[in-house]
Amino acid sequence: MNRATRIAVIVAMAIAVLAPIGLVVYQSFLDGPFFQPKISFTLSAYEFVLDDEDFFDALYNSCIIAFGMTAIAVPVGALLAFLMTRTDLPGRRWIEPVILVPMFVSSVVLAFGFVVSLGPAGFVTLWFKGVFGYVPWYLYSKWMLIVIAGLTHVPHIFLYTSSALRSLGSDVEEAARMTGAGPLRTAMTVSLPMVMPNILYSAVLVFFLGFELFGLPLVLGDPEGILVLATYLYKLTNKLGTPSYQLMAVVVVAIICIALPLVALQRFLLRAANRYVSVKGKAAAQKPVSIGVWRWPAAAMITAWLLFTVVVPLSGLVLRAFVSSWGEGVNLLDVLTLAHFRELMEFPNLTRGIVNTLLIASVGGALSVGVYTVLNLAAHRWPSGWTRLMDYLVLLPRAMPGLVAGLAIFWVFLFTPFLAPLRQTMIAIWVAYTLVWLAYGMRLVSGALLQIGPELEEAGRIVGASPGRVSRDLTIPLIKVGLFSSWLLIFVTFMREYSTGVYLLAPGTEVIGSLLVSLWGTGAVDLVTALSTVNIAMIGGGLLLMSLFGKRSHG
Amino acid sequence: MAKLIIDDLHLSYGSTEILKGITATFAQGEIVALLGRSGSGKTTLLRSIAGLEEPKKGVISIGDQPVFDAAAGLNVPSEKRGLGLVFQSYALWPHKTVFENVAYGLRLRNVPKADLQQRVATVLDGVGLGHLGDRYPHQMSGGQQQRVALARALVYNPPVILLDEPLSNLDAKLREEARIWIRNLIKRMNLTAVFVTHDQIEAMAIADRIVLLDGGRIVQAGTPEQLYTEPVSLFASEFMGVNNQILSRVQDKRGGYARIDLSGHPLWGKDRAGKSVSDEATGVIRLEQVEVVDGEGENRVPAELETSVYLGSHWEHVFRCGDQTLRAFGRPLAAGTHWLHLPPEQLWVF
């Protein structure tokens, strides 16, 4: 790419990122929706929200939940990572892929699963009651919400910690053993401090995700009226009857103001985290540490965690989708049925939602990877102020939870005359998805680009290829495999996305995620579980594809 | 005729100056080695010629055409300079076959298909790989990859070919063969070549002329013989060969010679740095110039044999004379004191 094209691409991205945020900030200072003819600037929206007790309740709850779930997820995730990568734990090979499942299933689907299994009338609850005569838990309490949020975010900690532990050569541990430290002492004084920056980074990430939480509190907090910031925003839509855009804008501004420093902190910590990994020792074959009889309690702990966060909710959800009724004294085998799926097919908007989801994930995902590639190429090997600007711009959408970004994009399509006709098409959804996952997708593609040495491209320039030809003939063919695996990850990500489409939901723009959220509101549990099952199956298909591809490209 | 001219080239990364004014001329058909330690700026100079680095001051011309002129704001991009470059890592494109790697430069020049086939075949034959065009780079040995990299740089007849440490990734045996082979190939094709190396043996074996760099400046330029036998500085003498060093003060000066002192024994040597009497000075003599002789005489010192090392073709002896160590090559020696002759014309005083 030449300089002019690079700058044009970066400016285009700046507009796409800044327009939604700018519009939200502008809206927050108005006294009515921005499209009304007579509007004036005022601070009244801020006054209203800052006077609202519910807002502070939600803010308080968000804080408590974010802290609580971090406190749970970090020790469990770090321990899990250590056990899986460094010890002779039995069954490591088959546990590993299952650990990441909660990351790939949308949290709203997981939440339905918890309701169906552990709710007051859930399968597990009824079974437990039948055996022991009482139920020691109440699903809709704040504590339960924190525990569930914490345990379902263990994979994030696990992922970052285990990859850091893997890239740490075992020679540094062997050196500690040689100088006389036992296995536990080695873990505490050598391995743990060396991966500490990575754990810290993932802890901030989970804390940040705690503030973004939408699906879990929407489903699990609703019965007791527990609001968090995102659900407060969602409820605000219906609260005053008329669309109170200015109030929503204020809440969005508040969420961005909290999220932005956290995003900046993550960026800072990521740099610190890479410091140790880059001075790693030789990553030779790692010899697992024997932990003796402790393997059995460790295995039991992992099994219990998997049972609670993966097996119970997902199996409950799938089971619920295939039965017509359940309760005390009902033999489940007698009530098996496909009726819910048949019913699903009778609603044109639901079938359209399934098709749309497949389309947005496959075609839309491919287009998004294309966009991320073009953006990456615009900054590729070009040290300048423009690329630094781009680095910071990428972080902005990261500070907008899906729900918020969807709302902002909805407004942009409402506000911009030439975009208005596209508002109720999948294009609006695609723009929102691409923007929400910008930072993630950019990192996937840049990871692939980092793999190729600069001299491969310089060699192209030397033999006479223009920068454009180098990108076309050399760079892109060289990262083809990386682009394909990026697409698979984006495919699964778009498949499970539920919050971004909520405000964009209209005839023609249905996707499974946003349909689930709106169907849950109407209480159509049969349809919700059937649709969730379809979603899980689709994600499962994507993951299967991913592991097949992973095997092929490694073999 | 000058093929490549570099005039007062300066380059910095941020506040670090890498090249501090390089001026050099490269003649048609000449093979020139840019020799220096790591960090001397030799690779940066090569990359500046290639157009991969942007100097902040100076002029680079190929033929009589300037390709870089900081004052005029001229910086012809790499692909328009038409040079050939062999990378240290070879940088072969892993997704293209050997044939396609070599053919790419011709395709970019819109060479007709039949002609292209023929030219690629010719150049691959020239490097001895005519039968391996269908292979992928990873299916080849390091030595073969290096030949492909060379073929890729030669196929479109560049006016100047640049080589960045071309032999550093080969094992020792292969490297010795490759030196001769590369020199023959470049001479046969009558090309102008500039190559970077940190190995003075390699530079002397391949190059017609050596440009010795240190700290971003040219220390000395000349034929390999000139650099080896008439180094202009202590650094140049140390870099080009294996030396004895005698630390002393200048005692006396007479007719282009200076007298230094080795543990009480006077030694005359060529005055190469114009030091004054009683200045600190270093006497330098190549190991192979030190002779073991029978008895006393002019420029001779007695020394105790400390140890001897057998090196196959000869022995290396380590002597002690007072507080200084002297090394010499020769035949096996008995223990005890020996007389060493340090010829005045071979002893340089810096």
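This report describes a predicted model with chains A and B, beginning with chain A and ending with the contact between the two chains.

## Chain A: overall form

Chain A contains 26 helices and 0 strands. Its C-alpha atoms fill a box of roughly 65 × 65 × 45 Å when taken along the principal axes. The radius of gyration of chain A is 25 Å, which agrees with the value near 24 Å that a compact globule of 555 residues would have.

Of the 555 residues in chain A, 45% are buried. Contacts between residues at least 6 apart in sequence were also examined in chain A, and 79% of them join residues at least 24 apart.

## A loop position in chain A

The loop between helix H12 (215-221) and helix H13 (229-239) of chain A holds A:Pro223. Is A:Pro223 buried, exposed or partly exposed? A:Pro223 has 14 other C-beta atoms within 10 Å and is therefore partly exposed, since a buried residue needs 20 or more such atoms and an exposed one has 12 or fewer. Between A:Pro223 and A:Gly482 the C-alpha to C-alpha distance is 45 Å, and the two are 259 residues apart in sequence.

## Chain B: domains and annotation

Chain B is divided into domain 1, covering residues 2-237, and domain 2, covering residues 242-349. The centres of domain 1 and domain 2 of chain B, taken over C-alpha atoms, are separated by 40 Å.

An unreviewed UniProt entry carries the annotation "domain: ABC transporter" for residues 4-240 of chain B. Over residues 4-240 of chain B, helix accounts for 37% and strand for 28%. The end C-alpha atoms of this stretch are 25 Å apart.

## Helix H1 and two hairpins of chain B

Helix H1 of chain B spans residues 42-50, and 8 of its 9 residues are buried, so the helix is largely enclosed by the rest of the structure. The buried residues of H1(B) are B:Lys42, B:Thr43, B:Thr44, B:Leu45, B:Leu46, B:Ser48, B:Ile49 and B:Ala50. B:Gly51 follows H1(B) and has a positive phi, near 90 degrees.

Strand S4 (residues 57-62) and strand S5 (residues 65-69) of chain B run antiparallel and are joined by 4 bridges. Within this pairing, B:Ile62 stands opposite B:Gln65 in S5(B). S4(B) and S5(B) form a hairpin with 2 residues between them, and B:Gly63 in the turn has a positive phi of about 65 degrees. S5(B) also pairs in the antiparallel sense with strand S6 (residues 74-75) of chain B, over 2 bridges. Here the bridge partner of B:Phe68 is B:Asn75 in S6(B). The hairpin of S5(B) and S6(B) has 4 residues between the strands, with B:Gly73 in the turn at a positive phi of about 70 degrees.

## The six-stranded sheet of chain B

An open sheet of 6 strands in chain B has mixed pairing and the order S12-S16-S22-S15-S14-S13. Strand S12 (243-249) and strand S13 (252-254) of chain B each have a single partner strand and stand at the edges, so one side of each is left without a neighbour in the sheet. In a regular strand, side chains alternate between the two faces of the sheet.

At the S12 edge, S12(B) pairs with strand S16 (residues 280-286) of chain B in the antiparallel sense over 7 bridges. B:Arg249 has B:Glu280 in S16(B) as its bridge partner. S16(B) is in turn joined by 2 bridges to strand S22 (residues 348-349) of chain B, and these strands run antiparallel. B:Gly283 stands opposite B:Val349 in S22(B). At the S13 edge, 3 bridges join S13(B) to the antiparallel strand S14 (residues 257-262) of chain B. Here B:Arg254 is placed opposite B:Tyr257 in S14(B).

## Contact between chains A and B

In the contact between the two chains, 15 residues of chain A meet 17 residues of chain B. Helix H22 (454-462) and helix H23 (467-478) of chain A each supply at least two residues of the side of chain A that touches chain B. The largest share of this side, 6 residues, comes from H22(A). By class, the side of chain A that touches chain B has 8 nonpolar, 3 polar and 4 charged residues.

Key
Residues numbered from 1 in each chain as written. Chains lettered and ligands numbered in written order. Predicted model: local features only at pLDDT ≥ 70, side-chain atom pairs only at ≥ 80, totals over all residues. UniProt positions renumbered as here; feature names shortened; annotations may be inferred. Domains from an automatic or database assignment. Pairing = 2+ DSSP bridges. Contact = placed C-beta atoms within 7 Å. Nonpolar A, V, L, I, M, F, W, Y, C, P; charged D, E, K, R; others polar. Rg over C-alpha atoms; globule rule 2.2 N^0.38 Å.
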